[in-house]
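Thanks for coming. Please have a look at the model on the screen before I start.

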Amino acid sequence: VSTQSTGSKRRTAEAHLLYATWCDETSYFDSPVIQQLFQKVKEIDSSWEEAHFRVANYYYKWSKALPSGVKQTFIPHVIKHYGESLKFGSNNIFQSMPRMLTTWFELEGTEAKEISASQANNKVTIIQTVNHHITDLIKSLPAYQWLTALSQLLSRICHPSQEVSERLAEIISMLLYYYPQQTFWHFFSMTTNSNEIRRSWSKEIIKKTQAKLKAKPIEGRNERWLKSFYTDFKKLCDGMFEISKKDCGNSFKFSINRDFRHFKKMLEDPKFNRIILPLQNNTTVTLPVGSGPHTRHQAFTHEMCTIQTVKDEVLVLNSLQRPKKITIVGSNGRSYGLLCKPKDDLRKDSRFMEFSMMVNRLLKKDVTAREKQLHIRTYAVVPLTETSGVVEWVDNTKVMRSILADLYQEYGKGMTRAETKAVFSKLQDIKRRPQTKQRIQDFVDLFTRKVLPRYPPILSEWYRRTFPDPSSWYTARQNYTQTTAVVSMVGYVVGLGDRHSENIMFDHTTGEIIHVDFDCLFEKGETFEWPELVPFRLTTNIVDGFGVTGVEGTFRLSCVASMRVMRNERESLISVLKTFVHDPLVEWGKNDQRKGGQMDSRGRQNVRADVNTLMKDKAREIMRKIENKLNGRMGKNAHAMLPISTEGQVQKLIAEAMDQNNLAQMYIGWAPYY
């Protein structure tokens with residue numbers, strides 16, 4: 001093999017890889033032989049990304065399947081080969097990087113009682129080996145590769161191992177050094193976190209970055225620049241926070257020039273640092289195409305659009321928290337909308353967007369999904385504190401409720417407010433009755449006889465009017481059906497609820513569906529006074545938009561393709577959501593405080609001692625539910641159920657979502673008749 005040309009080596013390695021994969025999937029040989037087959041591939045072509053990736057996958061699979069004491073011996077191989085894979089390309093980065101980091105973080109989480117004394121001694125050596133590998137990767141991997149996992153890195157900064165935390169601080173400091181503009185939008189919330197340890201690490205990371213810039217300034221940036229930039233960035237975030245929480249009474253607009261003139265003056269000051277807009281295309285890494293190290297790759301090739309000023313008019317949205325829409329004028333002269341949201345933990349929205357972006361990347365790698373052009377619409381969500389943040393405004397959209405209300409009014413359909421109130425009163429009367437089959441039947445009778453006939457499905461009419469050309473209409477309908485399928489499957493996996501008609505928008509240029517407001521994640525809807533009983537929204541109007549085939553054809557096939565990809569890549573997807581385990585939501589802590597904790601000697605709740613543990617337990621419970629879904633286990637006792645096929649899982653979900661017994665018992669404000 002050593003005398004072969006590079007091309008010949010690659011072809012030989014590909015052939016050996018096919019054989020090793022076949023032996024593994026068919027269990028043709030025992031583990032040591034298959035291990036040697038994969039190692040052979042790497043030896044034939046040691047600079048091939050795919051070879052290292054597949055070897056790492058094999059070790060990773062075994063590290064998950066074996067008992068704690070045994071599996072830890074595989075972990076250095078997992079870290080080493082995923083790292084080698086990243087050194088030689090980024091084609092598999094969204095599988096390699098999350099798995100490598102998760103394996104590293106969880107290594108020291110093995111309970112002592114799970115392993116023997118000799119295994120415990122061996123573990124110390126393994127930890128040292130793994131940390132050595134990570135140190136080498138920090139020096140050798142380009143910074144943009146680490147940037148793809150920034151949220152995962154930030155969430156684990158409070159790792160129980162000091163060595164792990166120090167290496168994480170080094171990585172994050174490196175990202176602030178090379179990509180300060182992009183990193184700061186995610187890093188800033190760490191500086192305002194209620195966790196004292198997290199805030200302390202944020203200060204340490206800034207000091208590390210300042211030391212780097214003092215020793216080696218880069219592109220005109222030095223330690224004084226960083227201090228100035230951080231000060232201006234904080235002023236910008238504080239200003240947007242003040243705008244978001246302004247009490248506007250019953251007004252739906254106000255003036256920046258009148259109420260926040262200092263904010264506008266600050267942005268227009270020539271001495272104020274130019275800060276990039278928190279837009280998706282400004283903060284998403286562009287990866288190199290093809291194999292190879294690509295150490296000099298430019299991760300952000302286009303010119304970054306920075307904030308120049310803000311327009312005078314601010315719109316106040318008519319929702320519970322009254323968020324404010326400001327319009328920023330960028331350095332390119334164009335206007336960009338940003339939604340400043342108060343009293344809302346946007347980490348949920350941000351993680352949902354990260355999860356959706358990961359799904360999009362995985363769909364692009366899958367042949368079937370790529371042919372169908374399956375995707376989910378995403379946009380930037382940036383938490384600034386634990387209770388506020390900004391959201392990228394999506395243009396060219398119209399709310400579902402508005403679309404349907406206009407059409408029903410035009411055709412003289414629908415119920416008046418008084419009629420709706422009367423129906424709700426009857427629903428409340430039925431709800432107060434004991435749980436019986438007759439109670440459910442009464443819900444269904446009221447829903448099917450009194451409500452549904454007043455709201456015939458009409459969404460397809462909007463598509464015919466908005467896209468009058470047959471070709472554009474067909475494309476728009478396909479876009480709608482496919483994006484609905486993907487977001488339905490993604491929403492089911494993460495337990496997304498509160499999908500009422502004001503949280504769903506339609507792009508009137510492409511026909512795609514866009515969901516907003518992800519406050520209700522992880523089956524939170526099941527805890528409402530009127531529990532949500534459907535996995536996603538699949539009402540008569542949603543189905544009407546699919547065309548004559550309804551849920552058959554494009555919708556079902558797209559659901560199956562999306563779910564299959566997510567089930568096949570569940571490890572990578574779960575790694576994105578595991579950030580909640582290590583950076584839990586504020587609301588979980590509040591819920592646990594209400595439930596109570598240990599009492600101190602004076603009879604007061606020792607909340608501080610218990611809440612962190614309870615919050616992490618809550619997060620782990622949620623992760624188990626998501627893992628069950630991605631393993632094809634369904635039902636209340638999912639952990640005790642056998643997995644079902646992807647097709648069977650999709651069929652069951654569609655049936656539950658369209659079941660009138662479920663829809664009839666939904667809260668009337670959710671509009672199950674729409």
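I will go through one helix, then the core, then a surface patch.

This is a predicted model, in which local features need pLDDT of at least 70 and side-chain atom pairs count only at pLDDT 80 or more, while totals for chains, interfaces and linings use all residues. Residues are numbered from 1 along each chain as its sequence is written, and side-chain values use heavy atoms, with hydrogens and water left out.

Start with helix α15, residues 261-268; helices here are DSSP runs of H or I with at least four residues, strands are E runs of at least two, and both are numbered from the N terminus. Which residues of α15 are buried? They are Phe263, Lys264, Met266 and Leu267, where buried means under 20% relative accessible area, exposed over 50%, and partly exposed in between, with a 1.4 Å probe and protein chains only. These four lie on the same side of α15, because they cover an arc of only 160 degrees around the axis, taken from the directions from the helix axis to the C-beta atoms. On the other side, Arg261, His262 and Lys265 are exposed. The buried residues pack against α13 (223-244), α14 (256-259) and β2 (307-310).

Now the core. The largest nonpolar core, a set of buried Ala, Val, Leu, Ile, Met, Phe, Trp, Tyr and Cys residues joined through side-chain atoms within 4.5 Å, has 198 residues. Phe355 is among those with the most contacts inside it. Helix α23 (residues 470-494) gives the largest share, 10 residues.

Last, the surface. Trp22, in helix α1 (residues 6-26), is partly exposed, with a relative accessible area of 43%.

Notes
Contact means heavy atoms within 4.5 Å.
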